[in-house]
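Let's take a look at this model together and see what sits where. Have a scroll through it first, then read on.

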Amino acid sequence: MKNRKTIYAIIALLFACILYIYDNYDVEEKNISFSSNFNYLPTSTTGQIIHHNYYSLSYNEKFEQAEWVAYELTLEHLSNQNFKRSYFEKDSKVKTQSANYKNYKNSGYNKGHLCPAGDRKFSKEAFNETFLTSNITPQLYEFNAGIWNRLEQKVRYWVQKYDKLYVITGGVLSKNLKTIGSEKVAVPTQFYKIILDYHQPKIKAIAFLIPHKASEKGLYNFVVTIDEIENLTGIDFFPELPDEIESKLEKSSNYTNWNFRNF
DNA sequence: CTGGACGTC
DNA sequence: GACGTCCAG
């Protein structure tokens, strides 16, 4: 009888070991296959990267705005909740002080979100967090409510289709830009948006570079390579991707994998 | 959705 | 300055 109990105990132990190994093996597999904690952040040309709860940014003090704002957008983030629009406050995390919203008053330019409020509607906290002056840039009303809005809606459409995207947005901060307000907030002449769909094995990306003016043209007219935006901004996008994949993605302006429909 | 203007306390 | 209401693309 003692032998039989010992055998049962050993079998139970072996079974537990197999389960344990199998379980861990599964976890490791998932991390490799989906890499849920992929670091999608670009490099910073200013050294001032700021992490908020629901998006990150790289602030450029000279131009009084972010050179990029980056965030993850998933299907779960989309929401029909309505929150009251908040007032823009300074970003307390920007050590050099982000611009005061008053610079925009009567400037002829709107306070255009870089991380759209409409992409952070899953909670009041997330929504309100987009109302920081480190997250805005001077935009013409006709541009902001027009083609730029169309692009932002397109991203939300793509999330419904592709489930999860990484979005990086900014104005091209080049020399001799017009400025507004006492703090001289620069007015970019072009804005870019880069979208990465990190679903292996078919990782795909698309980049837009749009002149800062009203346009009725289809969005596909503004597709460029990521390399082109890197050359204009000096920013390295997706440095964490394996070099081979990064190189291939960034020199392509092929958008056939992205459904445009009527846009 | 993207925004601003204006009146009131 | 904050809030409510109204407006346009």
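In which segment does N254 lie? N254 is found in the segment after α5. (Helices here are DSSP runs of H or I of at least four residues, strands are DSSP runs of E of at least two, and both are numbered from the N terminus.)

Before going further, some ground rules. Residues are numbered from 1 along each chain as its sequence is written, and chains are lettered from A and ligands numbered from 1 in the order in which they are written. This is a predicted model, where local features need pLDDT of at least 70, side-chain atom pairs count only at pLDDT 80 or more, and totals for chains, interfaces and linings use all residues, while side-chain values use heavy atoms, with hydrogens and water left out.

**How sure is the predictor?**

pLDDT is the predictor's confidence in each residue, from 0 to 100. For chain A the mean pLDDT is 90, with 86% of its residues at 70 or more. Residues 13-35 are a weak spot for confidence: pLDDT stays under 50 there, and the model has five contacts for them beyond four places in sequence. (A contact means heavy atoms within 4.5 Å.)

**Back to N254**

N254 counts as partly exposed because its relative accessibility is 46%. (Buried means under 20% relative accessible area, exposed over 50%, and partly exposed in between, using a 1.4 Å probe and protein chains only.) The side chain of N254 makes a polar contact with the side chain of T256, at 2.7 Å. (A polar contact is a pair of N or O atoms within 3.5 Å; within protein, one must be able to donate a hydrogen and the other to accept it, and residues adjacent in sequence count only if both atoms are side-chain atoms.) N254 and T225 are 29 residues apart in sequence, and their C-alpha atoms are 8.4 Å apart in space.

**Helix α4**

Which residues of helix α4 are buried? In α4 (residues 226-233), they are I226, I229, E230 and T233. Looking down the axis of α4, these buried residues fall within an arc of 105 degrees, so they line one face of the helix. (The arc is that of the directions from the helix axis to the C-beta atoms.) Their cover includes β9 (190-197), β10 (204-211), β11 (223-224) and α5 (243-250). Just after α4 comes G234, with a positive phi of about 75 degrees.

**The two DNA strands**

A residue is near a strand if one of its heavy atoms lies within 4 Å of it. Around DNA strand B there are 14 residues, of which H113, G118, K121, N144 and N149 come nearest. Of the strand B atoms within 4 Å of the protein, 86% belong to sugar or phosphate and the rest to bases.

DNA strand C is surrounded by K84, Y87, Y101, K102, Y141, A145 and N149. Here sugar and phosphate account for 50% of the strand C atoms that come within 4 Å of the protein.

Some of the polar atom pairs:

| Residue | Part of the DNA | Distance |
|---|---|---|
| K121, side chain | phosphate oxygen, strand B | 2.5 Å |
| G118, backbone | phosphate oxygen, strand B | 3.0 Å |
| R156, side chain | sugar or linking oxygen, strand B | 3.4 Å |
| K84, side chain | phosphate oxygen, strand C | 3.1 Å |
| Y141, side chain | base nitrogen, strand C | 2.4 Å |
| N149, side chain | base nitrogen, strand C | 3.3 Å |

Which element gives the most to the surface near DNA strand B? That's α3, with five residues.
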